[in-house]
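These exercises are worked with the sequence and the 3D structure side by side. Each task is followed by a solution in steps.

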Amino acid sequence: MQTEKQQNETVLTGIKPTGDQHLGNYLGAIRPGLDLVAQFRHSLLFIADFHALTTVQNAAQLREYTLQIAATWLACGLDPARTIIYRQSDVPEIFELAWILSCVTPKGFMNRAHAYKAKVQENQSEGREDIDDGVSMGLYNYPVLMAADILLFNTDVVPVGEDQVQHVEIARDIAQKFNRAFGGEILRLPRALVKTEKVIPGLDGRKMSKSYGNQIPLFMESKALRKLVMKIKTDSTPPEAPKNPKDSLLFDLYKEFASAADTEALAARYAAGIGWGEVKELLFQAVEKHFSEATAHYRELMAKPAELDRILSEGAARARELALPLMNKIRKAVRG
Ligand code: ADP
Ligand code: TRP
């Protein structure tokens, strides 16, 4: 249900373009994200390409990943007329604000950020002399840039996973430092909306993740998708043995893509005994059907990068226009 308040609030989220999206990203981030933005009158979604620069240092690759993320969200149903979609690096005001914010941010905030701390711990446990080994200023300042992403748009709500909550808290703290330093309530304090974590398993039963290489990518060719689904780990229970859908990786995935009636029907077949090969075939068909329209749309978009560029540029122009009054206020507050 949409509340009065939400109608007038601004929701904003960023996605780091670091590689192909998979079914876990779709079920854990894209689908719930689309449902959420639909509840707000003002919504912004951007591709955090310059955040990705801390790891992706190849222009062609960064561009490809960026277009893939844009095409994925659009193909899955994001309406650019309702939600402003843009590329972070097309909005220079974000980087201007990041510098200003860095001047009111105590260094200690960054020392406490999870990603940086994890890197330091890794260096210590590996016995490296330099605890900052492999830490670029980009990695260190990452939370300041994220604060600028959020604060520039008077954002109220930032939907994030558990791992990003600290970053939103840092953005709040930085906003308060800024407001205190420059007199008054200039920057709005955002709040994190934590997604309920539903973990989608991958081919081997562990969490589906690029880092495990166990993912099923979105928008695959039919043959390749079938081949991958056939690789999902199963045990050696014979086909005729009754099976419990409650501890079945295949069933867990199937129910995400099939209708309630089909899910029930499969549960009944589990009880009666069904071969894993047949379940995989059903799963393959359900996934393929679920994404058939989106896959066609995705291919169409990826075949026309100029059209994607146009959508992103238009979004950036709208985002900049939206940010301008606040940016002017900030400039006036800091330099008169
Ligand atoms: P990966 O682990 O493949 O690198 P990311 O960390 O880039 O994925 O995740 C991007 C978004 O997708 C996050 O919001 C995360 O919660 C969601 N996500 C990724 N994998 C899964 C999964 N297996 N189940 C549920 N959500 C997931
Ligand atoms: N750091 C986020 C991630 O890794 C991506 C991101 C960048 C973001 N800027 C943001 C998310 C602003 C929400 C709001 O997933």
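A residue is called buried when its relative accessible area is under 20%, exposed when that area is over 50%, and partly exposed in between. The model used here is predicted.

**Exercise 1. Classify Phe219 by its accessibility, and describe its backbone.**

Step 1. Locate the residue: Phe219 sits in the loop between strand S5 (191–194) and H10.

Step 2. Apply the cut-off. The relative accessible area of Phe219 is 10%, so Phe219 is buried.

Step 3. Read the backbone angle. Phi of Phe219 is positive, about 60°, although the residue is not a glycine. Most residues other than glycine have a negative phi.

**Exercise 2. Do the same for Asn154: where does it lie, and is it buried, exposed or partly exposed?**

Step 1. Asn154 belongs to the loop between H8 and strand S4 (157–160).

Step 2. With a relative accessible area of 26%, Asn154 falls between the two cut-offs and is therefore partly exposed.

Step 3. Asn154 too has a positive phi without being a glycine; the value is near 50°.

**Exercise 3. Describe Ser248 and Thr237, which are both placed in the loop between H10 and H11.**

Step 1. Take Ser248. Its relative accessibility is 5%, so it counts as buried.

Step 2. List its contacts. Residues up to four places away in sequence are not counted; Ser248 then touches Tyr270 and Trp276.

Step 3. Take Thr237. At a relative accessible area of 29%, this residue is partly exposed.

Step 4. List the contacts of Thr237, again leaving aside neighbours within four places in sequence: they are Lys243 and Trp276. Trp276 therefore appears in the contacts of Ser248 and in those of Thr237, where contact means heavy atoms within 4.5 Å.

Step 5. Add a distance. Thr237 and Ile274 are 37 residues apart along the chain, and their C-alpha atoms are separated by 9.8 Å.

**Exercise 4. Find how Ala81 is placed relative to the solvent-accessible surface and to His114.**

Step 1. Ala81 is in the loop between helix H4 (59–75) and strand S3 (83–87).

Step 2. Its relative accessible area is 60%, so Ala81 is exposed.

Step 3. Between Ala81 and His114 there are 36 Å in space, C-alpha to C-alpha, for a separation of 33 residues in sequence.

**Exercise 5. How many cavities of 30 Å³ or more does the structure hold, and what lines the largest cavity?**

Step 1. A search of the whole structure gives 1 cavity of 30 Å³ or more.

Step 2. The space in the largest cavity is about 30 Å³.

Step 3. Its lining consists of Leu23, Ile216, Leu225, Val229, Leu253, Phe257, Leu283 and Val287. Two or more of the lining residues come from each of helix H10 (222–230), helix H11 (249–257) and helix H13 (276–290).

Step 4. Sort the lining by class: 8 residues are nonpolar, none is polar and none is charged.

**Exercise 6. Which elements line the second largest pocket, and what classes of residue do they bring?**

Step 1. This pocket holds about 330 Å³ of space.

Step 2. The second largest pocket has 19 lining residues; Ser102, Met137, Asn141, Tyr142 and Val144 lie nearest its centre.

Step 3. At least two lining residues come from each of helix H3 (49–52), helix H5 (92–102), helix H6 (107–111) and helix H8 (137–151). The largest share, 7 residues, is that of H8.

Step 4. By class, the lining of this pocket has 12 nonpolar, 6 polar and 1 charged residues.

**Exercise 7. Characterise the protein chain as a whole, and compare its radius of gyration with that of a compact globule.**

Step 1. The chain contains 15 helices and 5 strands.

Step 2. A compact globule of 336 residues would have a radius of gyration near 20 Å; the chain has 22 Å, so the value agrees.

Step 3. Along the principal axes, the C-alpha atoms fill a box of roughly 80 × 50 × 40 Å.

Step 4. Of the 336 residues, 46% are buried. The chain exposes about 17,000 Å², and carbon and sulfur atoms supply 52% of that area.

Step 5. Among contacts with a separation of 6 or more, 78% join residues 24 or more positions apart.

Terms used
Residues are numbered from 1 along each chain as its sequence is written. Chains are lettered from A and ligands numbered from 1 in the order in which they are written. This is a predicted model: local features need pLDDT of at least 70, side-chain atom pairs count only at pLDDT 80 or more; totals for chains, interfaces and linings use all residues. Side-chain values use heavy atoms; hydrogens and water are left out. On a 1 Å grid over the protein atoms alone, a cavity is a set of points where a 1.4 Å probe fits but cannot get out, and a pocket is an open set with protein on both sides within 12 Å along at least five of seven lines; lining residues have an atom within 4 Å of a point. Grid points are joined across faces, edges and corners, and a volume is the space filled by probe spheres set on the points. Helices (H or I, at least four residues) and strands (E, at least two) are DSSP runs, numbered from the N terminus. Ala, Val, Leu, Ile, Met, Phe, Trp, Tyr, Cys and Pro count as nonpolar, Asp, Glu, Lys and Arg as charged, and the others, Gly among them, as polar. Buried means under 20% relative accessible area, exposed over 50%, partly exposed in between (1.4 Å probe, protein chains only). The radius of gyration is taken over C-alpha atoms; the globule rule is 2.2 Å times the number of residues to the power 0.38. Accessible areas come from the Shrake-Rupley method with a 1.4 Å probe; for residues, only the protein chains shown count as cover.
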